[in-house]
Structures are given as structure tokens and as C-alpha cells.
Amino acid sequence: MDLLYYILAGAGVGFAIGLTGIGGGSLMTPLLIMFGIPFHTAIGTDLLYAAITKMNSAYLHHKKQTIHWRTVYLLGIGSIPSALITAYVLRTYFEDSNDYKHILTLSLGIMLILTAGVLFFRDQIQNMFASQS
């Protein structure tokens, strides 16, 4: 029965991503946690799944020339070093994944709330940035 739940969760999240373009991590990670998978394993599993599925999407968007490469570069300048530093800190200062479970829980909760807020106030945020340029 678990197999069916995983397949349905993947199909539901895939449908939502295709419909809205919203990242699956905000949907799939909480679902995996609800299925009883430990936080760090749910996050790692979702990241690997996302990486594999996004490679195809990136290729198709590259072919259609719908990628703004300067933005990719700027995002990478911040996110790649930050991800590496975070992994180093977690590995160095925590012996077991249960030791930083509270950090994962808090971070995940904050990011889900921020994502919901950005979606809810999207028009106002876009208007604010449009008026500044």
C-alpha cells in the first residue's frame, strides 16, 4: 500500500508543478515527512528527485531559449557557496542528523510560509519591483 501512496504523491506533486510551476520541494518534502521518512532523508530524497527531473526541463527551456542566463549565474553565485558551507557546517558541528532535526524543521517551516506569502502577495511584490526600475 505504501507503494501506491508514493506513486500518488509523485503524480499529485508532478501535476501541481506542471500546472503552477511551483517547486516540488515545498510539496514533496512535507509529504515524505508525513509518510514517516526522517527529515534529512526526506529532504535528500526530494533534492535528488528534483535534480533528475529538472535536468530534462532545463534542457527543454534551453532549447526554447527561455532561460535568463544572467539570473542563473547570479543565483548560483549565492546559492552554490551557501549550500556547500551549510553542508560543511552540518557535517562538522553535528554528529547525527537527529542533532539538527530542529534546524531542518524550523527552516522548512519558514520557507513554506515565505513561499505561501510570496504566492499570495505576488502581484503586490511585482508591482513594487516594477515601480523601482
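These numbered points go through a predicted model of one protein chain.

1. Overall make-up. The protein chain has six helices and zero strands. Read from the N terminus, its elements follow the order α-α-α-α-α-α. Along the principal axes, the C-alpha atoms fill a box of roughly 45 × 40 × 30 Å.

2. Burial. The protein chain has 133 residues, and 13% of them count as buried. Here a residue is called buried when its relative accessible area is under 20%, and exposed when that area is over 50%. Residues in between are called partly exposed. These words return in several points below.

3. The largest pocket. How much space lies in the largest pocket? The figure is about 1,400 Å³. The pocket is lined by 38 residues, and those closest to its centre are Gly25, Asp46, Leu47, Ala50 and Lys54. Four elements give two or more residues each to this lining: helix H2 (25-34), helix H3 (39-63), helix H4 (69-93) and H5.

4. Character of the lining. Which element gives the most to the lining of the largest pocket? The answer is H3, with twelve residues. Sorted by type, the lining holds 19 nonpolar residues, 17 polar residues and two charged residues.

5. A nonpolar patch on the surface. Ile85, Tyr88, Val89 and Tyr93 make a nonpolar surface patch of about 450 Å². One of these residues, Val89, lies in helix H4. Val89 has a relative accessibility of 32% and is therefore partly exposed, because that class runs between 20% and 50%. H4 is also among the elements that help to line the largest pocket.

6. The salt bridge. How many salt bridges does a search of the whole structure find? The search finds one. Arg122 forms a salt bridge with Asp123, and the closest N and O atoms of the pair are 3.7 Å apart. The cut-off for such a contact is 4 Å. Are the partners buried or partly exposed? Arg122 is partly exposed, at 46% relative accessibility. Asp123 is partly exposed as well, with a relative accessible area of 43%.

7. Gln65. This residue sits in the loop between H3 and H4. Gln65 is not a glycine, yet its phi is positive, at about 60 degrees. Its relative accessibility is 71%, so Gln65 counts as exposed.

8. Phe120. Helix H5 covers residues 101-120, and Phe120 lies in it. Is Phe120 buried or exposed? Phe120 has a relative accessible area of 65%, so it is exposed. Phe120 and Ser97 are 23 residues apart along the chain, and their C-alpha atoms are separated by 33 Å.

9. Val118. Helix H5 also holds Val118. At 46% relative accessibility, Val118 falls below the cut-off for exposed and so counts as partly exposed. How far apart in space are Val118 and Leu74, C-alpha to C-alpha? The distance is 20 Å, for two residues that are 44 residues apart in sequence.

10. Points to check against the picture. A reader can begin with the six helices, then find Gly25, Asp46, Leu47, Ala50 and Lys54, the lining residues closest to the centre of the largest pocket. After that come the nonpolar patch that includes Val89 and the salt bridge between Arg122 and Asp123. Gln65, with its positive phi, can be looked up in the loop between H3 and H4.

Methods
Residues are numbered from 1 along each chain as its sequence is written. This is a predicted model: local features need pLDDT of at least 70, side-chain atom pairs count only at pLDDT 80 or more; totals for chains, interfaces and linings use all residues. Side-chain values use heavy atoms; hydrogens and water are left out. Buried means under 20% relative accessible area, exposed over 50%, partly exposed in between (1.4 Å probe, protein chains only). On a 1 Å grid over the protein atoms alone, a cavity is a set of points where a 1.4 Å probe fits but cannot get out, and a pocket is an open set with protein on both sides within 12 Å along at least five of seven lines; lining residues have an atom within 4 Å of a point. Grid points are joined across faces, edges and corners, and a volume is the space filled by probe spheres set on the points. Ala, Val, Leu, Ile, Met, Phe, Trp, Tyr, Cys and Pro count as nonpolar, Asp, Glu, Lys and Arg as charged, and the others, Gly among them, as polar. Patches are made of residues with over 30% relative accessible area and no salt bridge: like charges are joined within 9 Å, nonpolar side chains (Val, Leu, Ile, Met, Phe, Trp, Tyr) within 5 Å. Accessible areas come from the Shrake-Rupley method with a 1.4 Å probe; for residues, only the protein chains shown count as cover. A salt bridge is a side-chain nitrogen of Lys or Arg within 4 Å of a carboxyl oxygen of Asp or Glu.
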